[in-house]
Amino acid sequence: MSRDPLVVGRIVGDVLDSFIRSASMSVIYNNKKVTNGSELKPSMVAREPRVEIEGCDNRTYYTLVMIDLDAPSPSNPTERELLLWLVTDIPESTTANHGNEVVSYESPNPIAGIHRIAFVLFRQSVRQTIYAPGWRQNFCTRDLTQLYNLGPPVAATYFNCQRENGCGGRRYVASGWT
């Protein structure tokens, strides 16, 4: 069994195919770096995070996708993937706010259960215009990569989010998800 947190958290599988990490991305909310599987409440993620892409070649560009994999609820994710943010043309060695915000940031606001919120980074082969989809619900990251020839992800991370007074929910045990 894989110990990769993206596989254990079913980010790889539910919305991404397996990939080899080849870039370094940090997602930071209120000076707290997001680690895979960390727990963040909606009040902690109300404002867009600082997303840093390490490197030294500002002629290399990236596309960032932020999605809710469990909208409207983990037991019935009929709006999977809910697009929360889409930024393109982010130069390497900078932050997402140096890119082109195609879809404005929408704060995760789960109403039921624990939601997985994923950030996925793609290296662009060229600077290009990427158009906003007509809606946020049922976005498909795989379709975006095919339509704009983005290739596989180069980095990804995710956190878990539930309503402010929520407790319990999905837990991983040896036999699987409960």
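**A friendly note on strands, rings and pockets**

1. Let's begin with a pair of strands. S1 and S2 are antiparallel and are joined by two bridges. One residue to look up here is Tyr29, whose bridge partner in S2 is Lys32. Please keep in mind that this is a predicted model, so every value below is computed from it.

2. Now widen the view around S1. Which strands form the open sheet, and in what order? There are three, arranged as S2-S1-S4, and their pairing is antiparallel. Strand S2 (32–33) and strand S4 (50–53) are the edge strands, as each of them pairs on one side only. As a reminder from the textbook, strands of a sheet pair through backbone hydrogen bonds, and the pairing can be parallel or antiparallel.

3. Strand S6 deserves a visit too. This strand covers residues 82–91, and 10 of its 10 residues are buried. Strand S5 (residues 61–68) runs antiparallel to S6, with seven bridges joining the two. If you would like a landmark, find Val65, which stands opposite Leu86 in S6.

4. S6 has another antiparallel neighbour to trace. Three bridges join S6 to strand S7 (residues 100–103). Here the landmark is Val87, which stands opposite Glu101 in S7. While you look along these strands, it helps to know that side chains in a regular strand alternate between the two faces of the sheet.

5. Next, the aromatic rings. The structure holds four aromatic pairs. For Tyr29 and Phe159, the ring centres are 5.8 Å apart and the planes meet at 80°, so this pair is edge-to-face. The reasoning rests on a cut-off: planes over 60 degrees apart count as edge-to-face. In general, two numbers describe such a pair, the distance of the centres and the angle of the planes.

6. Stay with that pair a little longer. How many residues apart are Tyr29 and Phe159 along the chain? They are 130 residues apart, with Tyr29 in strand S1 and Phe159 in strand S9, so the pair links distant parts of the chain. Are Tyr29 and Phe159 buried or exposed? Both Tyr29 and Phe159 are buried. Together with Phe119, they form one aromatic cluster.

7. On to the empty spaces. The largest pocket has a volume of about 280 Å³. Its lining is made of 18 residues, and those nearest the centre are Leu6, Arg21, Asn36, Ala156 and Thr157. Helix H1 (5–8), strand S1 (25–29) and strand S9 (155–161) each give at least two residues to this lining. Sorted by class, the lining has nine nonpolar, six polar and three charged residues.

8. The second largest pocket holds about 210 Å³ of space. It is lined by 13 residues, with Pro133, Phe139, Cys140, Leu144 and Leu147 closest to its centre. Which element gives the largest share of this lining? That is helix H3 (residues 141–147), with three residues. By class, the lining of the second largest pocket has 10 nonpolar, two polar and one charged residues.

9. Finally, a word on cysteines. Searching the whole structure turns up zero disulfides. Cys56 has a relative accessibility of 77%, so it counts as exposed. The cut-off behind that label is over 50%. Cys140, which you met in the second largest pocket, is partly exposed, with a relative accessible area of 26%.

Conventions. Residues are numbered from 1 along each chain as its sequence is written. This is a predicted model: local features need pLDDT of at least 70, side-chain atom pairs count only at pLDDT 80 or more; totals for chains, interfaces and linings use all residues. Side-chain values use heavy atoms; hydrogens and water are left out. A disulfide is a pair of cysteine sulfur atoms within 2.5 Å. Buried means under 20% relative accessible area, exposed over 50%, partly exposed in between (1.4 Å probe, protein chains only). On a 1 Å grid over the protein atoms alone, a cavity is a set of points where a 1.4 Å probe fits but cannot get out, and a pocket is an open set with protein on both sides within 12 Å along at least five of seven lines; lining residues have an atom within 4 Å of a point. Grid points are joined across faces, edges and corners, and a volume is the space filled by probe spheres set on the points. Helices (H or I, at least four residues) and strands (E, at least two) are DSSP runs, numbered from the N terminus. Ala, Val, Leu, Ile, Met, Phe, Trp, Tyr, Cys and Pro count as nonpolar, Asp, Glu, Lys and Arg as charged, and the others, Gly among them, as polar. Rings of Phe, Tyr and Trp (its six-membered ring) pair if their centres lie within 6.5 Å; planes under 30 degrees apart count as stacked, over 60 as edge-to-face and the rest as tilted. Two strands pair if DSSP finds at least two bridges between them.
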